[in-house]
Amino acid sequence: MIALWWQTGVIYQIYPRSFQDSNGDGIGDLQGIAQRLDYLTGLGVDAIWISPISPSPMVDFGYDVADYCDIDPCFGTLADFDELLRQAHRRGLKVLLDFVPNHTSDQHPWFVESRAAKDSPKRDWFIWRDAAADGGPPNNWISDFGGSAWQWDAITGQYYYHAFLKEQPDLNWRHPEVQAAMFDVMRFWFDRGVDGFRIDVLWHMVKAADFPDNPPNPDYRPGMGEMHRLLQLHSTDQPEVHGIAEAMRDIADSYGARGLGERVLIGEIYLPVDRLMRYYGRDRPGVHLPFNFQLIDMNWDARTLAAAITDYEAALPRDGWPNWVLGNHDRPRVATRLGQAQARVAAVLLLTLRGTPTLYYGDELGLSDVRIEPAQVKDPRELREPGLGLGRDPVRTPMPWDGSDNAGFSTAKPWLPLHADWRTRNVAGMAEDPRSILTLYRRLLALRRDHPALSVGDFALVSVEDELLVYARRHESQLLLVALNFGDRPHRLPLPDWTHGGRLLLSTHEDMPLADHGALLLRSHEAVVLKAE
């Protein structure tokens, strides 16, 4: 197997509003990202994925796109982007963009024209339906942000569909002109040199043609968010979406075939594993990496994780490449979910499993969710359903670079507040601390780069006992053992015969664990990597 860059590499997600501000307005921007590229190469990642930077009214902070082929002024210009791309490529970093194909902003010229009249040439570019017999919405579908997914439009006397905010009307992907226009958007950025896309809510893109009601969710309970009252049986994950994903893959692959470098497509898909696998493709290849979010939601114990890992590996299609994610811009941070000690163990797990890992900015510092006072809330998710813990502002706060004012993020007050311990939990301070989680991430990334067994090697479960998960990674003659203690007490780990005489490469603790007659004494919340000699 000749491994491609997106198979051996580690992807680092940047939320651009919160990474680095270069012009003193309190909002991160493209020149700010360019200023921090050396940090990223020093960390040891291989690619950056930048959340949306297209022109937008920012009702949903860039996920309401008003122009797919430009840069929002708050982030800079197309020239700034081209320079960032050039600087990243010069350092060997790949650049991925967020592609938001399911919906536009209601200020996008396409929707403005669609809304102008029922006989508009772009009317069917969006999803319009007559009212139900009682004058209400066409069906019972619920927006992911709560409330009906249908918005009455008095101008033309019909409802339009929006899976998210009413300011985010869904495109009609059954229309061939919509497909052609959006495929041209992909080509626009590929032609500029972008190395791939993360495709937003890919599983939402096609809806059942006859728009039947969604069935009630028998497991719904208050506090889950209104969207969960129904099962999204007819409003998501329709069979036709796979043909669209395959067409997108054809476009991406055409650039590699022309010698322009391998391009990658990553699909955001929150589905059970059996349905997730279909997005690798049916008759033809689909997206390269359907995002695997299991580590974000599952119970954090050795047996649950072992079962999930082995079941996922077994479910992969023959040519399917695995991937793993610990956090992103929508979900609570790993340090909040698991605590600081297990966040270190989670780092080892993420970076030693088979497949492509994605790291969320700030997780390498052990950032936790930040308390956002009601007056500081920006996220429409929280504004629409307050108090349920669904808001995303707490995980989108500014990156702390040093102990100076505003943590070196900006010369102005940041758009969201910093975490409480930013004067000590920042890049400058933690980079000098051999015990910090940042140092651990750097060591793990270097270890992964130096040992192909950790990136492209085979995976084999060795044992699951009590609170310990142990597995092996092998590539050619290279053989490594990874052992993780998910508990808060020590455990004695008998070692396989093939590890005797081996060398301990890494521990999450400051020093290496004790050896005891063919066993390791793993301390609480400790993970180790051992190499057979």
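In this predicted model, Phe211 sits in the loop that runs between β7 (196–199) and α7 (241–257). The backbone of Phe211 has a phi near 50 degrees, a positive value in a residue other than glycine. Most residues other than glycine have a negative phi. Phe211 has a relative accessible area of 13% and is buried, because buried means under 20%.

A positive phi also turns up in another loop. Asp466 is placed between β12 (458–465) and β13 (468–475), and although Asp466 is not a glycine, its phi is positive, at about 55 degrees. The relative accessible area of Asp466 is 44%, so Asp466 is partly exposed.

The helix that follows the loop of Phe211 offers a good route into the packing of this model. Helix α6 (residues 176–192) packs with α7 at an angle of about 30 degrees, and their axes lie 11 Å apart. Angles under 35 degrees count as roughly parallel, and α6 and α7 are therefore roughly parallel to each other. The crossing in which α6 passes α7 is right-handed. On the α6 side, the contact is made by Gln179, Phe183, Met186, Arg187, Phe190 and Asp191, while α7 contributes Ile244, Ala247, Met248, Ile251, Ala252 and Tyr255. By class, the residues in this contact of α6 with α7 comprise 9 nonpolar, 1 polar and 2 charged.

Helix α6 also meets helix α4 (residues 78–90), and here the angle is about 55 degrees, with the axes 11 Å apart. That angle makes α4 oblique to α6. From α4, the residues Leu78, Phe81, Asp82 and Leu85 meet Phe188, Trp189 and Arg192 of α6. The contact of α4 with α6 holds 5 nonpolar and 2 charged residues, with no polar ones.

A further helix pair is formed by α12 (residues 340–352) and α15 (residues 437–450), which pack at an angle of about 15 degrees with their axes 10 Å apart. This angle makes α12 roughly parallel to α15. The crossing of α12 past α15 is right-handed. Ala343, Arg344, Ala347, Val348, Leu351 and Thr352 represent α12 in the contact, and Ile437, Leu440, Tyr441, Leu444, Leu445 and Arg448 represent α15. In the contact of α12 with α15, 9 residues are nonpolar, 1 is polar and 2 are charged.

Attention now turns to the interior. In soluble globular proteins, nonpolar side chains tend to be buried together. The largest nonpolar core of this model has 143 residues, of which Tyr12 and Leu469 touch the most other members. A second core, separate from that one, has 15 residues, including Ala47, Leu289, Phe293 and Val456.

Several of the residues already named reappear around Leu484, which is placed in strand β14 (residues 478–485). With a relative accessibility of 0%, Leu484 counts as buried. Not counting residues up to four places away in sequence, Leu484 touches Val345, Val348, Leu349, Glu467, Leu468, Leu469, Tyr471, Glu526 and Ala527. One of these, Val348, also belongs to the α12 side of the contact with α15, and another, Leu469, is one of the two residues named for the largest core. Leu484 and Gln179 are separated by 305 residues in sequence and by 46 Å in space, C-alpha to C-alpha; Gln179 is part of the contact of α6 with α7.

Thr356 provides a view of another buried site. This threonine is found in strand β11 (residues 356–360) and, at 1% relative accessibility, counts as buried. Apart from neighbours within four places in sequence, Thr356 is in contact with Trp6, Gln7, Gly9, Ile11, Leu289, Trp321, Pro322, Asn323 and Trp324. Leu289, among these partners, is also one of the members of the second core.

Thr304, in helix α10 (residues 302–315), has a relative accessibility of 28% and counts as partly exposed. Leaving out residues up to four places away in sequence, Thr304 touches Met298 and Asn299. Between Thr304 and Leu469 there are 10.0 Å in space, C-alpha to C-alpha, although these residues are 165 residues apart in sequence.

Methods:
Residues are numbered from 1 along each chain as its sequence is written. This is a predicted model: local features need pLDDT of at least 70, side-chain atom pairs count only at pLDDT 80 or more; totals for chains, interfaces and linings use all residues. Side-chain values use heavy atoms; hydrogens and water are left out. Axes are lines fitted to C-alpha atoms, for helices over the stretch in contact, and angles run from 0 to 180 degrees between N-to-C directions. Helices (H or I, at least four residues) and strands (E, at least two) are DSSP runs, numbered from the N terminus. Angles under 35 degrees count as roughly parallel, over 145 as roughly antiparallel, 65 to 115 as roughly perpendicular and the rest as oblique. A crossing is left-handed if the near helix is turned anticlockwise from the far one by less than a right angle, and right-handed if clockwise. Contact means heavy atoms within 4.5 Å. Ala, Val, Leu, Ile, Met, Phe, Trp, Tyr, Cys and Pro count as nonpolar, Asp, Glu, Lys and Arg as charged, and the others, Gly among them, as polar. A nonpolar core is a set of buried Ala, Val, Leu, Ile, Met, Phe, Trp, Tyr and Cys residues joined through side-chain atoms within 4.5 Å. Buried means under 20% relative accessible area, exposed over 50%, partly exposed in between (1.4 Å probe, protein chains only).
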